[in-house]
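Here's a quick walk through a model, written for someone who'd rather be at the bench. Have a look at the fold before reading on.

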Amino acid sequence: MVDDSIAQTGEENVMTLGARVIKTGFAISLSLLICRLLGMEPAVLAAVASIIIMQPSVYGTWRHVREQIQANTLGALIAFASSQLLGNDLFSIGLVAVIVIALCLKLKMGSSIGLTLVTVLVIMEAPGDGITFAVNRFAVILVGILSALVVNVTIAPPNYRKLFEAKVREVFADLSLLMRTAISDALTEHSFKQKKQRFQEGVAKCGEMFALFEEERRKMSKIKQVDARQIVIYKHMLRTLRSGEDVLELIGGHYIQSGMDKQLGQLFEHHLEELILYHEYILLKHEGHMKLSEDQGRRIGQENRLFMEQLLRIETKQDEDRLRIVLLGSCIYDYGLRLVRLDRLVEHQRKKQRQAKRRRWFRSARAEGKTAKS
């Protein structure tokens with residue numbers, strides 16, 4: 001399972017990187033083609049603009065395009081006015097560049113500084129050619145900006161919903177292995193550290209994907225409707241993974257130092273095994289592979305409470321050891337609570353989906369019945 005997830009991680013990175021690289025290449029070609037057809041020079045400026053504009057998400061590209069057009073228009077006007085008034089000596093170009101950077105930062109358009117400075121430089125390089133030269137240079141850069149937007153919207157737009165779900169499954173596979181072996185110390189230290197690092201990087205990647213997905217859903221909800229309940233479920237999926245990460249951190253920092261006996265270690269190991277199986281069950285339920293049932297959630301909720309109650313009754317020789325045990329147990333208890341909460345959300349969503357499917361079926365059957373009668 002772990003080896004498969006390694007292979008999947010590599011494939012995903014290649015696919016994600018490859019899609020963006022290919023789209024960047026398309027944007028460059030499209031911008032150069034348009035410039036050639038319209039006789040706009042130098043076409044290389046359009047290609048540079050396409051490279052800078054291409055973003056990993058559709059909304060990110062659209063937002064970047066809007067900022068770039070605003071910033072470049074402002075930069076072009078300042079550059080043209082400055083070239084007519086001050087000329088194009090080294091001091092004037094440097095002064096204008098500083099002014100443009102300051103304005104971009106003031107207007108909170110810092111991400112547009114690079115391309116805006118390119119616009120300023122190409123306009124100020126030949127001040128004697130007048131407004132026609134400035135408009136031509138600005139138009140060339142605008143072609144590159146719009147080419148990147150068109151390509152990113154029309155060619156294989158990223159589906160962060162599917163990417164997020166796939167990444168969660170992959171990261172959970174690492175969490176499952178680490179949880180099952182953390183207490184027993186079955187893995188070698190080197191292997192455990194490698195897999196733990198990969199798991200932590202995966203959790204961070206899930207956070208990035210969720211942020212992009214949520215941003216597009218929030219900003220483009222009028223264009224593409226997304227079930228708000230699904231956003232809540234994804235947020236809790238991410239929280240449970242982070243809660244599992246906290247458990248692993250505390251096991252590494254407090255389990256061995258607590259000096260707990262074999263029987264207590266088995267209690268921890270058994271409960272972690274139950275929770276990780278429950279986590280897997282929830283993910284499978286969300287994918288539609290498991291039957292709807294609230295029994296599992298009630299059982300785990302009771303076991304989780306009993307687990308914590310047992311830890312609170314434990315007596316140890318040193319108070320510090322007891323504090324370590326309770327601290328670790330509390331983190332595991334919190335992980336269990338988050339899983340129960342996630343299960344309820346998934347259960348509720350699946351029931352709503354089933355009800356909606358039934359309503360659609362009845363409407364369809366009713367419509368077919370009316371058609372047959374007529």
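In which helix is the place of V135? V135 sits in helix α6, which covers residues 130-154; helices here are DSSP runs of H or I with at least four residues, strands are runs of E with at least two, and both are numbered from the N terminus.

Some ground rules before going further. This is a predicted model, where local features need pLDDT of at least 70 and side-chain atom pairs count only at pLDDT 80 or more, while totals for chains, interfaces and linings use all residues. Residues are numbered from 1 along each chain as its sequence is written, and side-chain values use heavy atoms, with hydrogens and water left out.

**The overall picture**

The chain has twelve helices and zero strands. Of its 374 residues, 43% count as buried, meaning under 20% relative accessible area (exposed is over 50%, partly exposed in between, with a 1.4 Å probe and protein chains only). Take the contacts (heavy atoms within 4.5 Å) with a separation of 6 or more: residues 24 or more positions apart account for 79% of them.

V135 also has a partner from elsewhere in the sequence: A76 is 59 residues away along the chain, yet the two C-alpha atoms are 8.4 Å apart.

Here's how four residues compare on accessibility:

| Residue | Relative accessibility | Class |
|---|---|---|
| C35 | 0% | buried |
| C104 | 1% | buried |
| H271 | 4% | buried |
| V135 | 48% | partly exposed |

As for disulfides (a pair of cysteine sulfur atoms within 2.5 Å), a search of the whole structure finds zero.

**Helices α7 and α10**

Now for a helix pair. The axes of α7 (residues 160-182) and α10 (residues 262-286) come within 10 Å and cross at roughly 165 degrees; axes are lines fitted to C-alpha atoms over the stretch in contact, with angles from 0 to 180 degrees between N-to-C directions. That makes α7 roughly antiparallel to α10, a label for angles over 145 degrees (under 35 is roughly parallel, 65 to 115 roughly perpendicular, the rest oblique).

On the α7 side, the residues that meet α10 include V168, F172, L175 and M179. Their counterparts in α10 include L272, I276, L277 and L283.

H271 is found in α10 too. Leaving aside residues up to four places away in sequence, H271 touches E303, N304, F307 and I332.
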